[in-house]
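Please open the model in your viewer and keep the selection panel at hand. The stops below say what to select next and what is to be found there.

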2 protein chains.
Amino acid sequence: MRRERHRTLKAVSSTIGDLGEFGLIARLTARFPHTDDVILGPGDDAAVVRAPDRRVVATTDMLVEGRHFRRDWSGPRDVGHKAAAQNLADVAAMGARPTALLLGLAAPADLPTRWVEEFGDGLQAECAVAGAAVVGGDTVRSDSLTVSITALGDLRGGRAVRRDGAAPGDVVAVAGDLGLSAAGLALLRAGRAEREDACLAAHRRPAPPYAAGPRAAELGATAMLDVSDGLVQDLGHIAAASAVRVALRRGALRVPPALAEAVGLLNRIGATGRDPVDFMLAGGEDHALAATFPPDVALPAEWTVIGRIDEGEGVALDGAPAEAAGWDHFS
Amino acid sequence: MRRERHRTLKAVSSTIGDLGEFGLIARLTARFPHTDDVILGPGDDAAVVRAPDRRVVATTDMLVEGRHFRRDWSGPRDVGHKAAAQNLADVAAMGARPTALLLGLAAPADLPTRWVEEFGDGLQAECAVAGAAVVGGDTVRSDSLTVSITALGDLRGGRAVRRDGAAPGDVVAVAGDLGLSAAGLALLRAGRAEREDACLAAHRRPAPPYAAGPRAAELGATAMLDVSDGLVQDLGHIAAASAVRVALRRGALRVPPALAEAVGLLNRIGATGRDPVDFMLAGGEDHALAATFPPDVALPAEWTVIGRIDEGEGVALDGAPAEAAGWDHFS
């Protein structure tokens, strides 16, 4: 019995340095089942993935420990989920169906093997939600922990929904959560990580509405992006690219109960003096989708109309430039 | 005149921290012209790239400063060339034509803007050699400098040449340089960086024979990979995946004059006691292509036959296991 425990402890304490590169790759690839889109998975010079549309959507993002995640605030599965989600959301925001993901992992030799295994499990679980497969990658040694993800997608014969197609008269709508991740981060910063509420969960594992992206393209979305830096800032990219004004209505932003509760707690403990709507306007990382549609489109329930497109420039809130709303230096 | 000089100095000394993320992205994307394969380039949630074959080849690699390059040994253009080359070679080694490249750059705020600009120029120049375009990327702040590259390619209706198709009777051939990069690295380690010879140049900017990859697929190559870790080690992957023995002939490895000269110098200064052929057998990073072909294929001059495929396992050199040849712990 004692020996058994000792062996367990040894297994738990093994590092990727002990395991070596090929052992690490074997541990990871064993976690990544193929889908119908995978013609050739990990293990050769490159992967081969179906691209039935004859166009492939591709995006890449890096996550650096200490900047994009903290190992004391997020578990390895959380980091895997989040790394996959932020890239898969970019694919969905073009109106594409995510097909494949490639992983670059630069990690110190003393990183526990178990961390990488659970990170891989989180990555795979998020890919499964979006319908994508992990098809390849690279692992290298580094003093710091850095994750690089590339996601691919297929447009299924549809248009790529860019940022430059919004026109005056269009409605502005969002699908997915706003503000929850930012409130979760504020809870962590305030030392309230023990509260297992929806905002903390959203910060650790954002849940982008992947399927809403391709559906928005079919509905005729004129512009779309995923909200990663904050709603007002990101809508500013649509305003600039489309040469229009995004006019938001504060009253249209329905505050989720979990956000109201979290911000209430933060205000009671003096950690912030903000309104929940400020979190929805300025918080990023929920990876909601924001899109514009022609005014006559009947939007399904997954979209909430929050404003309209006018002639002009920039983002306005209830008629005033959103920059003047007091949220701009908030992060 | 003095003011002019002052301004120049200020420009030279600017860092990416001064420039900010959007400024940095603008500096980089201005360097990356589109090709016919680019449907949508940088600036949206994701890029859109032609995939005429309905399959896309995808590979990713990370380069960490201090492990994969040193800023005192390689200039920024060199690092850009090398980062692109090692990924584009992986695409070519599948028999595909490289189409697109995505860049992830994690960098400290005090990295000179000029370094990133010249790095981008090198990346673009190497992409131009291979016919690919830089279509997107991500820049993030980090304490250390890490480059992540993803390359995409198109199979043009042909087979993906994997590692598992070599059969007894096939010939083994290489296209491109062997050993030059390793000798260049040995010169740098010996403090002979002032010698501007072909080995140093090959170490800083490998020149993979991109076009030979798709041509090998057309010629009927049964297995192929790019030589990145060393010829014997990499051919070991073909031996294992194909369940065959790779039988090399030492006499078939023609030593390039530049390699003979560099190794002669290294031996004179006591920095190594190696034969030039050892560098060809064990040196990686030239990103030559190694492939197997049916014995009746008439190979063009870009391919040099260096052995054949036998029944058995592992890699042999003149009949003895290559592991016994004395090079195995050499790097």
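Begin by selecting β3 of chain A, residues 55-64, together with strand β2 of chain B, residues 47-50, since these two strands pair in the antiparallel sense over four bridges. Strands pair if DSSP finds at least two bridges between them, and the elements named here are DSSP runs numbered from the N terminus, helices being H or I runs of at least four residues and strands E runs of at least two. To see one of these bridges, pick A:Arg55, whose partner in β2(B) is B:Arg50.

This is a predicted model, in which local features need pLDDT of at least 70 and side-chain atom pairs count only at pLDDT 80 or more, while totals for chains, interfaces and linings use all residues. Residues are numbered from 1 along each chain as its sequence is written, chains are lettered from A and ligands numbered from 1 in the order in which they are written, and side-chain values use heavy atoms, with hydrogens and water left out.

Next, widen the selection to the whole interface, where 54 residues of chain A are in contact with 54 residues of chain B, contact meaning heavy atoms within 4.5 Å. The area buried between the two chains, that is, the accessible area (1.4 Å probe) that two parts lose on being put together, summed over both, is about 4200 Å², and carbon and sulfur atoms give 58% of this area. Highlight A:Asp45, A:Arg54 and A:Met62, which supply 18% of the area that chain A buries against chain B, more than any other three residues.

Stay with A:Asp45, whose side chain meets that of B:Arg163 in a salt bridge at 3.4 Å, N to O. The rule, which asks for a side-chain nitrogen of Lys or Arg within 4 Å of a carboxyl oxygen of Asp or Glu, finds four salt bridges across the interface of chain A and chain B.

Which strand of chain A gives the largest share of the side that touches chain B? That share, nine residues, comes from β3(A), where the tour began.

Now move to chain B and select strand β11, residues 304-310, of which five of the seven residues are buried, so the strand is largely enclosed by the rest of the structure. Buried means under 20% relative accessible area, exposed over 50%, and partly exposed in between, computed with a 1.4 Å probe on protein chains only. Add β7(B), residues 171-175, which runs antiparallel to β11(B) and is joined to it by four bridges, with B:Val171 partnered by B:Arg308. Then add β9(B), residues 245-248, which is also antiparallel to β11(B) and joined by four bridges, and find B:Leu248 opposite B:Gly307.

The next selection is helix α5 of chain B, residues 180-189, which is largely enclosed by the rest of the structure, because nine of its ten residues are buried. Show α6(B), α9(B) and α10(B) as well, for they are among what covers the buried residues of α5(B). After α5(B) comes B:Gly191, with a positive phi near 75 degrees.

Finish in the loop between α10 and β10 of chain B, at B:Glu285, a residue other than glycine whose phi is positive, near 75 degrees. Is B:Glu285 buried or partly exposed? With a relative accessible area of 23%, B:Glu285 is partly exposed. B:His287, which lies in the loop between α10 and β10 of chain B, has a positive phi of about 55 degrees although it is not a glycine, and at 4% relative accessibility B:His287 counts as buried.
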